[in-house]
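This report examines selected local features of one protein chain. The sequence and structure are shown below for reference.

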Amino acid sequence: MATRQGALDRAAAHFDDGSFKALLTDLVAFPSTSQEAGAEDALHSYLTDAITPWVERLGFTAVIHANPLDGFGPILTATRIEDPALPTVLLYGHGDTVRGLPEQWRAGLDPWTLTEEGDRWYGRGTADNKGQHALNLAALEAVIAERGGELGFNVKLVLEMAEERGSKGLKDFVAQNAELLAADVLIASDGPRVDPGTPTIAVGTRGTFHFDLVVKLREGGVHSGHWGGLTRDPAIILAHALASMMDRNGKVLVRGILPPSLPNSVRAVLDGCPLGGGGDAAKIDPGWGEPGLSPAEKIYGWNSLIVLSMISGRPENPVNAVAPDARAHCQIRYTVDSDPALFTDAIRTHLDGAGFPEVAVEASFIRMPASRTDVDHPWVRWAQASLAESLGKRVQIIPNSSGGLPGDVFVDHLGVPLVWVPHSYNGCKQHGPDEHLLIAPAREGLLGFAGMWWDLGEGGTPGRV
């Protein structure tokens, strides 16, 4: 007789006997970076040679579509419909990765070769995002096997190959295929847990707003001996302008780019939320950021201002000159509680008031909008209960992940609630050398999703008895 525990046992056996590791090894071997020219064939091959045969074996009908925007990777859709009257879940993932950067990985590691060391699987895409969507599909396979070829619900899959380029084309694609992709809920995986040992549900993502601060004083540099101390230095002016925007301890002083307050629902769900596990990638500086907020509130409930890059003169080959200009590229990570349409004017007003009219605000744009589902949405709480039953652990809900994901695309065009269940952690080095997936959380992720897929077929889901 098919049982929930039987499904979990199948998932555990698939992981413990090395089958999942072998599968992930094959997926990592595709050099499917979307950030480097010449990788176009690998982007297509990942979908045609790895994903399509797999999902077709699971009873899906798969189609690979050209991206609506020229020059960006293809998009796969796959549908498995048992009965239109049953609940329908939308799965999402991305098979593209950032640059491989093989020259930066430490000795013995290669980005396109899965290597196990201790509690880690190294390889590009292990954490972002091949390992994560592979776990969810493997869990689905375990439940199909336990139920003798059935699920008791419908599944639709979207797998894009341009997420690491800002998911270009995805919004247009989903808008054009809203009927094809219609679903009751999005349940998918990307990003990190709040810490490695805490199963996590994120119900949205922070958005990313970019802008340049530019000081241009003259057409060319002037001799530092003849003019140093007599003419204005754009780098110094820019440094002071930035200092006027954020104090020594990281408090943002441009209050117009922050939420008006921390919503009570956000504060409540983050009460006692753990945060950490960055490993050797970074550390939490307790005194940095918005005063009065906990670390979890700062990263999941508030906005941050970051200087991504600064330049003046020629750092790689300095000359004895007062530079003609200086530029900083900045980013605001923002929640849905603030309006990015007001950011540029707020920055301009602040700079003028602080005495920096010569500092221009240029090239401002939203790279990825913010999104959020209510933390108490029935689908969110259903997923939390299912995961807790499978894993025997407290499951932390957060109002949004700290990074960016295209959740807004699915909210805007499909109207689905968002249930992101990440399998990684914030020290995985996903955008640098030595990217890795922790083995223990990966195994938990497989079991957690097997339990959710089982429960979906049992009835009792939101809107169904």
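Against which elements do the buried residues of α3 pack? The model under discussion is a predicted one, and the account begins with this helix.

## Helix α3

The buried residues of α3 pack against two helices, α2 (19–28) and α4 (130–146), and against the strands β1 (61–65), β2 (75–80) and β6 (154–160). The residues of α3 that are buried are A42, L43, Y46, L47, A50, I51, T52, W54 and V55.

Helix α3 covers residues 40–57, and its 18 residues should span 26 Å at 1.5 Å a residue; the C-alpha atoms at its ends are 26 Å apart, so the expected and computed values agree. The helix nevertheless bends by about 40 degrees at I51, and the proline P53 follows within four residues. I51 is also among the buried residues of the helix. Just after α3, G59 adopts a positive phi of about 95 degrees.

## The sheet β4-β5-β19

Three strands form an open sheet in the order β4-β5-β19, and their pairing is antiparallel. Its edge strands, β4 (115–117) and β19 (436–438), each pair on one side only. On average, neighbouring strands of this sheet are turned by 25 degrees against each other, with direction ignored.

Strand β5, residues 120–122, pairs with β19 in the antiparallel sense over 3 bridges. Within these strands, Y122 stands opposite H436 of β19. In general, strands of a sheet pair through backbone hydrogen bonds, in either a parallel or an antiparallel manner.

## Two loop residues: T373 and L230

T373 lies in the loop between β16 (371–372) and α12 (378–391). Is T373 buried or exposed? With a relative accessibility of 7%, T373 is below the 20% cut-off and therefore counts as buried. Leaving aside residues up to four places away in sequence, T373 touches V203, V380, P417 and L418. In the case of L418, a polar atom of the T373 side chain lies 2.9 Å from the backbone nitrogen of L418.

L230 also has a loop position, between α7 (224–227) and α8 (234–245). L230 has a relative accessibility of 66%, which is over the 50% cut-off, so this residue counts as exposed. L230 and L180 are 50 residues apart along the chain, and their C-alpha atoms are separated by 66 Å.

Note on methods:
Residues numbered from 1 in each chain as written. Predicted model: local features only at pLDDT ≥ 70, side-chain atom pairs only at ≥ 80, totals over all residues. Heavy atoms only, no water. Buried < 20%, exposed > 50% of the residue type's maximum accessible area, 1.4 Å probe, protein only. Polar contact = N/O pair within 3.5 Å; in protein donor to acceptor, adjacent residues only side chain to side chain. Contact = heavy atoms within 4.5 Å. Expected span 1.5 Å × (residues − 1). Bend = angle between axes of the 7 residues up to and from the residue. Pairing = 2+ DSSP bridges. Axes fitted to C-alpha atoms, helices over the stretch in contact; angles between N-to-C directions.
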